[in-house]
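Reader: I would like a close look at a single part of this model, with the terms spelled out as you go. Please take one buried residue and its surroundings, and then turn to the packing of the helices.

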Amino acid sequence: MSDPDPKQAPLRVLLVDPDDCVRESLAGLLGIGQRCLVVGTAGSADTAVRLAAELDPEVVVVDPRVPGDGAAALIAEVRQAAPRARVLVLNWSDTADLSSGADAYIRKTFRPQELIDAVVATRPRP
């Protein structure tokens, strides 16, 4: 693991997961190494879209089981609310199904550093 670039601001991340404990754990993991800054968390699609518009995250980490109209609808609404944000889906499968409109995915059995690396790799390009 390399040290964060001191000239680069931490990556602004919004976490979306239906489970309070999972959101708290993800936020703690992403705080390791100071490469990411969790600017908000949401347990529902409505809250996620509202926070995406208010907080202007660079990456939105989404569990597709969030209550609402489904992952594809949530991702489309997040993209409308925060057009520059990229979406990383937490997935239980070994295969990437990006048909929901996500930019990337990570298997939910990740190691902590794998999560951080996946979020940073999803960062919008300048």
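Author: E58 has a relative accessibility of 12% and therefore counts as buried, a class that means under 20% relative accessible area, with exposed over 50% and partly exposed in between (1.4 Å probe, protein chains only). This is a predicted model, in which local features need pLDDT of at least 70 and side-chain atom pairs count only at pLDDT 80 or more, while totals for chains, interfaces and linings use all residues. Residues are numbered from 1 along each chain as its sequence is written, and side-chain values use heavy atoms, with hydrogens and water left out.

E58 sits in the loop between helix 2 (45–55) and strand 3 (59–62), where helices (H or I, at least four residues) and strands (E, at least two) are DSSP runs numbered from the N terminus. A polar atom of the E58 side chain lies 2.8 Å from the backbone nitrogen of R12. Apart from neighbours within four places in sequence, E58 is in contact (heavy atoms within 4.5 Å) with P10, L11, R12, R84, A85, R86, R123 and P124.

Helix 2, which precedes that loop, packs against helix 3 (residues 71–81) at an angle of about 20°, their axes 8 Å apart. In helix 2, A45, A48, V49, A52 and A53 meet L74, E77, V78 and A81 of helix 3, and by class this contact has eight nonpolar, no polar and one charged residues.

Note on methods:
Polar contact = N/O pair within 3.5 Å; in protein donor to acceptor, adjacent residues only side chain to side chain. Axes fitted to C-alpha atoms, helices over the stretch in contact; angles between N-to-C directions. Nonpolar A, V, L, I, M, F, W, Y, C, P; charged D, E, K, R; others polar.
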